[in-house]
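Reader: I am new to this structure and would be grateful for a close look at a single part of it. Please set that part in its surroundings as you proceed.

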Amino acid sequence: ATPFVWTAVADGAGVTYLGTGNDGKVFKVDAAGGGSLFLDTAELEVHALAIAPGGGLYVGTSPDGRVYKVDAAGAATPYFDPEEKYIWALATGAAGELYVAAGDPKGRVYQVTPAGTATPLFTTAATHVVAMTFDRERRLIVGTESPGRVFRIDGAGRPFLLLDTNLQEV
């Protein structure tokens with residue numbers, strides 16, 4: 001049995017993918033509720049998923065901090081391997097770029113082009129960037145851990161602090 005479901009993403013066509021641990025698997029659940037193994041990684045945890053352009057899937061793993069690009073048939077290829085140990089969140093941009101929220105030793109967000117070229121977009125003093133989404137205007141919103149803060153990141157990577165909590169994690 002799989003003890004943890006860490007993340008889920010829907011493809012918009014009735015399929016939901018579930019990222020799990022402690023055996024690093026991705027399950028595919030169809031519109032009727034039928035489930036099947038979609039991907040068995042060599043990693044321990046799948047903490048992040050995002051739909052890739054063209055029907056594929058991005059899979060972010062921990063504790064070795066890797067991102068895989070998986071085609072519709074479930075064939076995975078390494079896509080991005082940052083120095084950070086944890087991939088906590090993934091988000092696909094309007095132009096097909098991938099945003100990768102990572103952590104340990106530093107909280108960082110990378111922007112990865114469709115061709116696989118990665119650029120650090122935002123680095124924080126926090127240990128981890130643990131959550132990520134877009135607002136209505138397609139600006140990136142990120143949540144951090146140690147300390148728990150929420151930032152809005154513009155296209156040039158400039159942060160604007162939206163919320164500074166007394167919590168450890170947002």
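Author: **Salt bridges and one strand**

Asp23 has a relative accessible area of 26% and therefore counts as partly exposed, since that class lies between the limit of under 20% for buried residues and that of over 50% for exposed ones. The model under discussion is a predicted one. The side chain of Asp23 meets that of Lys25 in a salt bridge, with 3.8 Å from N to O. Lys25 is likewise placed in the partly exposed class, because its relative accessible area is 21%. This pair belongs to a total of nine salt bridges.

Another of these pairs leads to the part that deserves the close look. Arg108 forms a salt bridge with Glu84, and their closest N and O atoms are 2.8 Å apart. The pair links distant parts of the chain, 24 residues apart: Arg108 belongs to strand S11, whereas Glu84 sits in the loop that runs between strand S8 (76–80) and strand S9 (86–92). Both partners, Arg108 and Glu84, are buried. For Arg108 the relative accessible area is 14%, so this residue falls into the buried class, for which the value must be under 20%.

The strand that carries Arg108 may be considered next. Strand S11 covers residues 107–112, and five of its six residues are buried, so the strand is largely enclosed by the rest of the structure. What are the strands with which S11 pairs, and in which sense? One partner is strand S10 (residues 98–103), which pairs with S11 in the antiparallel sense over five bridges. The other is strand S12 (residues 118–124), where the pairing with S11 is antiparallel over six bridges.

On the side of S10, Ala102 is the residue that stands opposite Arg108 in S11. These two strands form a hairpin with three residues between them, and in its turn Asp104 has a positive phi of about 70°. On the side of S12, Gly107 has Thr124 as its bridge partner, while Gln111 stands opposite Thr119. Here too the strands form a hairpin: five residues lie between S11 and S12, and Gly116 in the turn has a positive phi of about 100°.

The contacts of Arg108 complete this picture. When neighbours within four places in sequence are set aside, Arg108 is in contact with Glu83, Glu84, Val100, Ala101, Ala102, Pro120, Phe122, Thr123 and Val129. The list thus includes Glu84, which is also the salt-bridge partner of Arg108, and Ala102, which is the residue opposite Arg108 across the hairpin.

Further salt bridges may now be set beside that of Arg108. Arg158 and Asp154 form one in which the closest N and O atoms are 2.9 Å apart. Arg158 is exposed, because its relative accessible area is 54%; Asp154, at 26%, therefore counts as partly exposed. Elsewhere, Glu43, Asp64, Arg66 and Asp81 are joined into one network by salt bridges that share partners.

Some other places in the structure provide points of reference beyond the strand. Ala42 lies in the loop between strand S4 (35–40) and strand S5 (45–51). Its relative accessibility is 80%, so Ala42 counts as exposed. Thr123, one of the residues in contact with Arg108, is separated from Ala42 by 81 residues in sequence and by 28 Å in space, taken from C-alpha to C-alpha.

Aromatic and nonpolar side chains supply the remaining points of reference. Seven aromatic pairs are found in a search of the whole structure. One of them joins Phe4 and Trp6, whose rings are stacked, with 5.1 Å from centre to centre and 25° between the planes. Phe4 counts as partly exposed because its relative accessibility is 36%, and Trp6, at 41%, therefore counts as partly exposed too. A nonpolar patch on the surface is formed by Phe160, Leu162 and Leu163, which together have about 280 Å² of accessible area. Leu163 belongs to strand S16 (residues 159–164), and its relative accessible area of 44% is why Leu163 is described as partly exposed.

Methods
Residues are numbered from 1 along each chain as its sequence is written. Side-chain values use heavy atoms; hydrogens and water are left out. Patches are made of residues with over 30% relative accessible area and no salt bridge: like charges are joined within 9 Å, nonpolar side chains (Val, Leu, Ile, Met, Phe, Trp, Tyr) within 5 Å. Accessible areas come from the Shrake-Rupley method with a 1.4 Å probe; for residues, only the protein chains shown count as cover. A salt bridge is a side-chain nitrogen of Lys or Arg within 4 Å of a carboxyl oxygen of Asp or Glu. Helices (H or I, at least four residues) and strands (E, at least two) are DSSP runs, numbered from the N terminus. Buried means under 20% relative accessible area, exposed over 50%, partly exposed in between (1.4 Å probe, protein chains only). Two strands pair if DSSP finds at least two bridges between them. Contact means heavy atoms within 4.5 Å. Rings of Phe, Tyr and Trp (its six-membered ring) pair if their centres lie within 6.5 Å; planes under 30 degrees apart count as stacked, over 60 as edge-to-face and the rest as tilted.
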